[in-house]
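Here's a quick tour of a fold, from a long helix through the cores to some backbone oddities. Have the viewer open as you read.

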Amino acid sequence: MRRHGFKSIAMAAGLALAGLSSVAGHAAAPAPVGAVASPAPQAAAEPGGVSNIAPTTAGATPAAAPASPLLAQDGAPAVRIDPLVGHPQDGVFGLQTQVTKNGEFAHWMHNVVLFPVITIISLFVLALLVWVVMRYRASANAIPSKTSHNTLIEVLWTLLPVVILVLIAVPSIGLLQAQFKPAPVGAVTLKAIGNQWYWTYQYPDHGGFEITANMLKERNEVAAGERARTDADGPRLLATDNRIVLPVGVPIRLITTSNDVIHSWAVPAFWIKLDAVPGRLNETSFTIEKPGLYFGQCSELCGARHAYMPIAVQAVPAPQFAAWVAAKGGTMPAAGQASNKVIPQPGADSNPTEPATDYKAPPAGPNPATATTPATPQGATQNPAGAGNAGQ
């Protein structure tokens, strides 16, 4: 019995050693031809199966040469950041300094109309509550009044709020209308496309070149060969590897859309916050009045890395903008020329070789009332009416 038990233990040990050696052999053996290597596990902080780095596309803008004087306008620190304009300030309450007409009017309305009205109403209601508590407490008013109506008070508390709301509505409606006023002829068209999680920009009126902007990471976060953020690039979580460049004093037509989920293109100093919706084009216009660097972020919850979609805009004089467009391989349109570029929506099933306004009549049928109506260009974007609602 002991001999058989010893033999069993010896055989079990031999099998275990053989299994370990075979596992080690498989681990050291080279992978067969055509086999796909298993991906390394992602860090816990990163969402599985996604990346915040934009993929390389054929239309992506190549990096400028190290000696290029326009490298600064591609994202390097050549323009000094104003410590008081264009980005959040530590310990400061209130709206950012505005550099557009709509922003200046909205800032005035907030400080001169809304904030005083809110403060006065809040203090008035607080005073009423204090007076009611003190005047009608049980010790001072042992026998409660049985009054149930007071015509004068009821008229006042009905009409006064209506008058206040009407007075506030007049400038509010004007500001809302101005925010969505169509851009005039000769505006610079900027198409902002939201992705998870970075922005892609196109300049349809200037040759259609494309820029991809990713957030610059901190020194302790970058991998080998990556450039880390510096204070000259911009604030933490707001600096990008590529800044978009826009001219000062020229109307900007902003068109937003998305390739995946709803994003929102927001730059507080411009008083701009425009949603980017998949399959749709949203449009607004604004004019930057002061050169400088302006920062913003995606302002619509769009996924795990929503907080890492910054926006960096470099506003420069028109001649510098023209030089930057030339450096990107683009072309400047004729002065005052209307934008005639068709802006396709993501996922649109269209033939780029045919104009968007072409229409072919359907074959004649017994019921002409069911015939399809021709597509007509709409708004400044010249989209077919069936493709979306921008400009309607």
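The expected span of a helix is 1.5 Å times one less than its number of residues. Keep that in mind for helix H3 in this predicted model: H3 covers residues 151-179, 29 residues in total, and runs 42 Å from first C-alpha to last, close to the expected 42 Å. There's still a bend along the way, since H3 has a kink of about 30° at Ala-169, shortly before the proline Pro-171. Pro-171 is itself buried, as are Ile-168, Leu-175 and Gln-179 of H3. What do the buried residues of H3 pack against? Their partners are helix H2 (101-135) and strand E8 (282-287).

**Cores**

In soluble globular proteins, nonpolar side chains tend to be buried together. Here the largest nonpolar core takes in 37 residues, and Tyr-201, Tyr-203, Trp-265, Phe-270 and Tyr-294 have the most contacts inside it. Strand E10 (residues 310-316) gives the most to this core, namely four residues. A second core, separate from that one, has five residues, including Ile-81, Leu-238, Phe-295 and Ala-312.

Phe-270 is worth clicking on. Leaving aside residues up to four places away in sequence, Phe-270 touches Gln-98, Val-99 and Thr-100, along with Phe-286, Ile-288, Tyr-294 and Val-313.

**Cysteines**

How many disulfides does the structure hold? Zero. Take Cys-298: its sulfur has its closest cysteine sulfur in Cys-302, but at 3.9 Å that is too far for a bond, because a disulfide needs the two sulfur atoms within 2.5 Å. Cys-298 is buried, with a relative accessible area of 5%, and Cys-302 counts as buried at 5% relative accessibility.

**Backbone oddities**

Most residues other than glycine have a negative phi, and most peptide bonds are trans. A cis peptide bond joins Gln-196 and Trp-197, with omega about -5°. Trp-197 sits in the loop between strand E1 (188-195) and strand E2 (198-202).

Two non-glycine residues with positive phi are listed below.

| Residue | Phi | Loop between | Relative accessibility |
|---|---|---|---|
| Leu-237 | near 70° | strand E3 (210-213) and strand E4 (244-247) | 23% |
| Trp-271 | about 60° | strand E6 (263-267) and strand E7 (272-276) | 28% |

Are these two buried or partly exposed? Leu-237 counts as partly exposed, and Trp-271 counts as partly exposed too.

Note on methods
Residues are numbered from 1 along each chain as its sequence is written. This is a predicted model: local features need pLDDT of at least 70, side-chain atom pairs count only at pLDDT 80 or more; totals for chains, interfaces and linings use all residues. Side-chain values use heavy atoms; hydrogens and water are left out. A nonpolar core is a set of buried Ala, Val, Leu, Ile, Met, Phe, Trp, Tyr and Cys residues joined through side-chain atoms within 4.5 Å. Buried means under 20% relative accessible area, exposed over 50%, partly exposed in between (1.4 Å probe, protein chains only). Helices (H or I, at least four residues) and strands (E, at least two) are DSSP runs, numbered from the N terminus. Contact means heavy atoms within 4.5 Å. The bend at a residue is the angle between axes fitted to the seven residues ending there and the seven starting there.
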